[in-house]
Amino acid sequence: MDILAIDVGSNSIKCLLAKKSGKNTVDVKFEETIHKRISAEDGLVDDAADIISESFESFLDKAKLYSEDFSVRAAGTSALRSSAAFDAISEVILKKTGVKIELFSGDREAITSFFGAMTEPMLPDFKRVNYIDLGGGSLEEVYASKTSAGHFDIISKSSISIGAYRLSQIFESTNSILSAETIQEMSDYCKSRLIQKHDFNISDVVVGSGGAISAARYMLNMEYKDTNLITLADFERFLNTVASMTTLERVKRYNIPFTRADILPAGFICTIEFLKFLKMDKLHHTYRNLRYGLVLDI
């Protein structure tokens with residue numbers, strides 16, 4: 001049966017209509033991202049329930065064009081699990097749409113996103129991998145090994161509260177040009193959070209997903225570099241460029257949503273510091289993460 005997998009994130013709501021076709025493969029029929037933010041400085045925006053309900057209804061209507069028979073799985077992540085209003089909001093959404101949101105812990109989100117990312121056909125061969133999924137509210141990380149039979153053994157996992165939106169709010173950097181001093185302060189904060197929550201792990205490759213990493217790949221493609229390999233130097237170069245621009249200038253230059261452009265520097269800072277922490281100079285990007293893991297029924 002097809003599965004309509006929905007990821008309710010802090011900064012966007014995404015869906016994937018697909019079915020599992022093998023041990024680590026999925027057949028995709030339809031996917032879409034709605035760029036609407038439900039996170040706010042003090043929790044959730046006032047109309048979070050309406051935003052989520054309207055997104056669900058749109059996804060359901062479109063899924064019916066591609067499949068006559070599908071089940072729905074919806075996962076709530078950082079913004080919802082941090083909200084005291086989750087139970088009330090989820091009840092409203094269930095009544096409006098018939099969809100029940102599963103509230104994922106940070107560890108469960110990390111593992112499910114990891115297995116979703118491992119369905120990416122463009123990844124190189126490896127024995128050990130560090131995976132990062134950078135969201136608006138948190139950074140999920142998995143360290144795993146790959147067996148000769150192609151199975152994955154999870155060695156460690158963590159969820160760290162240094163998402164792009166959260167970091168922007170802490171340093172009040174949303175919608176502003178960033179000074180060198182502010183960038184350094186944000187970088188130092190990320191370093192301290194990584195040291196507190198993460199052990200240093202040696203891996204063959206780093207695989208990354210999430211809004212800011214996807215934006216970096218898009219920016220590389222604008223330079224006529226059709227690749228999913230993004231270097232540390234690329235991230236540093238892009239950070240220097242977008243930090244000197246207003247949010248509207250980023251939107252116009254890169255044709256990205258406002259709710260992505262305003263936190264883009266923070267997203268790049270998080271990614272840069274993670275790569276530096278691992279002493280790695282590049283990562284392989286994938287658009288596949290939590291939704292694909294939901295289809296695999298992780």
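# Briefing: a six-stranded sheet and its helices

In the hairpin that links strand 9 to strand 10, five residues lie between the two strands, and Gly150 has a positive phi near 90 degrees. This hairpin belongs to a predicted model. The chain contains 12 helices and 13 strands. Its radius of gyration is 18 Å, close to the 19 Å that the globule rule gives for 298 residues, so the chain is as compact as a globular protein of that length.

**The chain as a whole**

- Along the principal axes, the C-alpha atoms of the chain fill a box of roughly 50 × 50 × 40 Å.
- Of the 298 residues in the chain, 56% count as buried.
- Among contacts in the chain with a separation of 6 or more, 70% are made by residues 24 or more positions apart.

**The open sheet**

- Six strands form an open sheet with mixed pairing, in the order 10-9-8-11-13-12.
- Strand 10 (152–160) and strand 12 (229–231) are the edge strands, each of which pairs on one side only.
- From one strand to the next, the twist averages 25 degrees.

**Strands 8, 9 and 10**

- Strand 8 (residues 128–134) pairs with strand 9 (residues 139–146) in the antiparallel sense, over seven bridges.
- The connection from strand 8 to strand 9 is a hairpin of four residues.
- Two residues illustrate this pairing: Ile132 has Glu141 of strand 9 as its bridge partner, and Arg128 has Ser145 of strand 9.
- Strand 9 and strand 10 also run antiparallel, joined by eight bridges.
- Across that second pairing, Val142 stands opposite Lys157 in strand 10.
- Strand 9 is mostly covered, with seven of its eight residues buried.

**Helices packed on the sheet**

- Helix 4 (residues 106–117) packs on the sheet and touches strand 8, strand 9 and strand 10.
- The direction of helix 4 makes about 130 degrees with that of strand 10.
- Helix 7 (residues 211–222) lies across strand 8, strand 11 (205–210), strand 12 and strand 13 (282–285).
- Relative to strand 11, helix 7 runs at about 100 degrees.

**The pair of helix 7 and helix 11**

- Two packed helices are described by the angle between their axes and the distance between the axes.
- For helix 7 and helix 11 (residues 264–278), the packing angle is about 100 degrees and the axes are 9 Å apart.
- Helix 7 is therefore roughly perpendicular to helix 11, a description that applies to angles of 65 to 115 degrees.
- Helix 7 contributes Ala212, Ile213, Ala215, Ala216 and Met219 to the contact, and helix 11 contributes Leu264, Gly267, Phe268 and Thr271.
- Seven of the residues in this contact are nonpolar, two are polar and none is charged.

**Two residues in helix 6**

- Glu181 and Ser187 offer a contrast in their surroundings: Glu181 lies in helix 6 (residues 180–197), and Ser187 is also found in helix 6.
- Is Glu181 buried or exposed? With a relative accessibility of 56%, Glu181 counts as exposed, because the cut-off for exposed is over 50%.
- Ser187, by comparison, has a relative accessible area of 7% and is buried, because buried means under 20%.
- Leaving aside residues up to four places away in sequence, Ser187 touches Ile269 and Glu273.
- Between Glu181 and Leu167 there is a separation of 14 residues in sequence and 15 Å in space, from C-alpha to C-alpha.

**Positive phi in two loops**

- Most residues other than glycine have a negative phi.
- Tyr224 has a positive phi of about 65 degrees although it is not a glycine.
- Where is Tyr224 found? Tyr224 is in the loop between helix 7 and strand 12.
- At 79% relative accessibility, Tyr224 counts as exposed.
- Lys279, a residue other than glycine, has a positive phi near 60 degrees.
- The loop between helix 11 and strand 13 holds Lys279.
- Lys279 counts as exposed, with a relative accessibility of 67%.

Key: Residues numbered from 1 in each chain as written. Predicted model: local features only at pLDDT ≥ 70, side-chain atom pairs only at ≥ 80, totals over all residues. Heavy atoms only, no water. Pairing = 2+ DSSP bridges. Axes fitted to C-alpha atoms, helices over the stretch in contact; angles between N-to-C directions. Contact = heavy atoms within 4.5 Å. Parallel < 35°, antiparallel > 145°, perpendicular 65-115°, else oblique. Nonpolar A, V, L, I, M, F, W, Y, C, P; charged D, E, K, R; others polar. Buried < 20%, exposed > 50% of the residue type's maximum accessible area, 1.4 Å probe, protein only. Rg over C-alpha atoms; globule rule 2.2 N^0.38 Å.
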